[in-house]
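Subject: Structure handover

Hi,

Here is the structure I said I would pass on. Have a look at it first, and then my notes are underneath.

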Amino acid sequence: MASNVASVAISAPSASLASLRGNPKQRIGFGKKHADLLFKGKVFTRVSMAVTVNSSHFEGVTMAPPDPILGVSEAFKADTSDLKLNLGVGAYRTEELQPYVLNVVKKVEKLMLEGGENKEYLPIEGLAAFNKATADLLLGADNPVIKEGRVATVQGLSGTGSLRVAAAFIQRYFPDSKVLISSPTWGNHRNIFNDASVPWSEYRYYDPRTVGLDFDGMVTDIKAAPDGSFVLLHGCAHNPTGIDPTPEQWEKIADVIQEKNHIPFFDVAYQGFASGSLDEDAFSVRLFVKRGMELFVAQSYSKNLGLYAERIGATNVVCSSSEAAVRVKSQLKRLARPMYSNPPVHGARIVANVVGDPNLFSEWKEEMEIMAGRIKNVRQRLYENLIQKDKTGKDWSFILKQIGMFSYTGLNKAQSDNMTNKWHVYMTKDGRISLAGLSLAKCEYLADAIIDSFHNVS
């Protein structure tokens, strides 16, 4: 701690000269120094006191801005209204708007407890059974790239940590490359690449006129990027828009990326949770792999297994040869070691047990279909309430064309503020709402709030 020192001098009578002569041990001083002064037979002690004024080494550290998503939850908690809705954070809720732990997860955890699993460190790359299960789930167990050993998989700290390790790999081995990210995208993507010192730019994605995909703008921007750029793609259920390319559009996107020798980088956070089908939601990744492209994939099990707090995911790199995959994996491990040493075991064991047991796997798929189905039902009900209540003739069909837990409403910041300030609906300021936090019973109220904010706030 830095300090400034100031001296203060104080004089006070301490004892008579005679008494001091008789008992020199009575000389008592304060502070750092003292000196005796003789005046009219008395001794005065001059005390020099050092006063330390502390100043922090961290005076130059400014207050960080609140997280735009997590800050929504804090504001929601502080609201005392019975009408309030938290549509900010992307976490699944039941129809009663309560957090949900999957039954299959509870069953597996009970089996793990009975089995007496230990808590020893995992290897740097994570649990071997998890790494096999997650690659099989993503690409299909019979995929040639798996059989040929061309996939380097390292367990990561959910999607965020897996993206961060991949970003560090890009920074180290492709220092002259940049990453293209969609506009808009998940807010943490920019943070991840900024902290990894990886330059990025945006490609067009959202068309505010149609509240849909700006496909032509997307393709044009990917074509215009320097050859060999990384292109970050949302595998399914684009966050924040909920707008995905069609299968035909994915084919054309793959054409352009191959022509430009770009490297695809998929963020797969919702496999099975978007459509209810693990295979359908992996279509885009498997298409690019089938075309023989080398690519990166970051996975997360926060949504589809509800393992939000377990921080379980993976970084996968599909390579052109098994020899390249071995080298890539060794460097991914080297990057992970100083970041977090090795990953946590609990979530990895849950995933490995669920995917590895046919009965548990079937049970999980059924629960995913139920969760995805509830969100689809909420989406349909919201759309119906909007068209019933809004007499202006506005087209709200974009609500149904979007997929996954999010919907991009098309509301601007002022309109989103009105949703919160007047209607107690908490959402991000870009107009994104999480339908996973909405119940059928609340759809009509939300429709009223959206119609009021859209038409009455400029």
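At roughly what angle do the axes of helix α4 (residues 128-139) and helix α11 (residues 283-290) cross? They cross at roughly 90°, and the two axes come within 8 Å. That makes α4 roughly perpendicular to α11, since anything from 65 to 115 degrees counts that way. On the α4 side, the residues in the contact are D136, L137, L138 and L139, and they meet V285, R286 and V289 of α11. Sorted by type, the residues of this contact come out as five nonpolar, two charged and no polar.

Before you go further, keep in mind that this is a predicted model.

The overall picture

The protein has 458 residues, and 50% of them are buried. It is built from 17 helices and 16 strands. If you take the contacts with a separation of 6 or more, 74% of them are between residues 24 or more positions apart. The accessible surface comes to about 22,300 Å², and carbon and sulfur atoms own 53% of that.

Two cis peptide bonds

You will probably want to check these two before setting anything up. One cis peptide bond joins S183 and P184, with omega about 5°. The other one I would point you to joins N239 and P240, where omega is about 25°. For context, most peptide bonds are trans.

P184 sits in the loop between β6 and α7 (187-195). P240 is in another stretch, the loop between β10 (230-234) and α9 (247-259). The two prolines meet in space, as P184 is among the residues that P240 touches. Beyond its neighbours up to four places away in sequence, P240 also touches T185, W186, F406, S407, Y408, D430 and R432. Take R432 from that list: it is 192 residues from P240 along the chain, yet their C-alpha atoms are separated by 6.2 Å. Is P240 buried or exposed? P240 has a relative accessible area of 2%, so it is buried, the limit being under 20%.

Two positive phi values

Most residues other than glycine have a negative phi. S158 and N261 go the other way. Phi of S158 is positive, near 60°, and phi of N261 is also positive, near 60°. Their surroundings are worth setting side by side. S158 is found in helix α6, and with a relative accessible area of 2% it is buried. N261 is found in the loop between α9 and β11 (263-268), and with a relative accessible area of 56% it is exposed.

Around α6 and α8

Just past α6 (158-173), S177 is in the loop that leads to β6 (179-183). Its relative accessibility is 15%, so S177 counts as buried. Leaving aside neighbours within four places in sequence, S177 is in contact with P199, G228 and F230.

What does helix α8 (residues 215-224) tuck away, and against what? Its buried residues are F215, G217, M218, V219, D221 and I222. They pack against the strands β6, β7 (200-204), β9 (212-213) and β10, along with helix α9.

The C-terminal helices

Helix α17 (residues 443-456) has 14 residues and reaches 20 Å from its first C-alpha to its last, close to the 20 Å expected at 1.5 Å a residue. Its buried residues are C443, Y445, L446, A447, A449, I450, I451, D452 and S453. What covers them includes the helices α14 (358-389) and α16, as well as the strands β4 (85-86), β15 (425-426) and β16 (432-434).

From the α16 side, look at Q415, which is in that helix (residues 413-421). At 6% relative accessibility, Q415 counts as buried. Apart from residues up to four places away in sequence, Q415 touches G410, S453, F454, V457 and S458. S453 therefore turns up twice, as a buried residue of α17 and as a contact of Q415.

That is what I have so far. Shout if anything is unclear.

Cheers

Methods. Residues are numbered from 1 along each chain as its sequence is written. This is a predicted model: local features need pLDDT of at least 70, side-chain atom pairs count only at pLDDT 80 or more; totals for chains, interfaces and linings use all residues. Side-chain values use heavy atoms; hydrogens and water are left out. Helices (H or I, at least four residues) and strands (E, at least two) are DSSP runs, numbered from the N terminus. Buried means under 20% relative accessible area, exposed over 50%, partly exposed in between (1.4 Å probe, protein chains only). Contact means heavy atoms within 4.5 Å. Axes are lines fitted to C-alpha atoms, for helices over the stretch in contact, and angles run from 0 to 180 degrees between N-to-C directions. Angles under 35 degrees count as roughly parallel, over 145 as roughly antiparallel, 65 to 115 as roughly perpendicular and the rest as oblique. Ala, Val, Leu, Ile, Met, Phe, Trp, Tyr, Cys and Pro count as nonpolar, Asp, Glu, Lys and Arg as charged, and the others, Gly among them, as polar. Accessible areas come from the Shrake-Rupley method with a 1.4 Å probe; for residues, only the protein chains shown count as cover. The expected span of a helix is 1.5 Å times one less than its number of residues.
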